[in-house]
Amino acid sequence: MAITINVRYTGTGGQARAFAREMASSGTVSIIREEPGNLRYEYYVSLEDPKR
């Protein structure tokens, strides 16, 4: 059984995107992707709302 979880990060002044960049550059994203059972971990950018 697969479970999909979508989380929306919201911030002003580009904080949401800065958070995603920090997660990637710090290696946290790589650690999460290596967790047993994890099939995918991705960030997506909203084209309609620059705060997300």
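## Aromatic cluster

Which residues do ring pairs link into a cluster? In this predicted model, they are Tyr9, Phe19, Tyr41 and Tyr43. The count of aromatic pairs comes to three. One of them joins Tyr9 and Phe19: the ring centres sit 4.6 Å apart with the planes at 40°, so this pair is tilted. Tyr9 and Phe19 also tie together distant parts of the chain, since Tyr9 belongs to the segment before α1 (15–25) while Phe19 is in helix α1, 10 residues apart.

How open are these two rings to solvent-sized probes? Tyr9 is partly exposed, at 32% relative accessible area, and Phe19 is likewise partly exposed, with 32% relative accessibility. Then there's Tyr41 with Tyr43, an edge-to-face pair with 5.5 Å centre to centre and 90° between the planes. Tyr43 counts as partly exposed too, at 27%.

## Salt bridges

Now for the charged side chains. Side chains of opposite charge can pair when their charged atoms come close. This structure has two salt bridges. In one, Arg33 pairs with Glu42, and the closest N and O atoms are 3.7 Å apart. In the other, Arg40 pairs with Glu42, with 3.9 Å between the closest N and O atoms. Because a salt bridge needs the nitrogen within 4 Å of the carboxyl oxygen, the Arg40 contact at 3.9 Å makes the list.

As for exposure, Arg40 is exposed at 60% relative accessible area. Glu42 is partly exposed, at 41%, and Arg33 is partly exposed as well, at 40%. With partners shared between the salt bridges, Arg33, Arg40 and Glu42 end up in one network.

Conventions:
Residues numbered from 1 in each chain as written. Predicted model: local features only at pLDDT ≥ 70, side-chain atom pairs only at ≥ 80, totals over all residues. Heavy atoms only, no water. Phe/Tyr/Trp six-rings, centres within 6.5 Å; stacked < 30°, edge-to-face > 60°. Helix = DSSP H or I, 4+ residues; strand = E, 2+ residues; numbered from the N terminus. Buried < 20%, exposed > 50% of the residue type's maximum accessible area, 1.4 Å probe, protein only. Salt bridge = Lys/Arg side-chain N within 4 Å of Asp/Glu carboxyl O.
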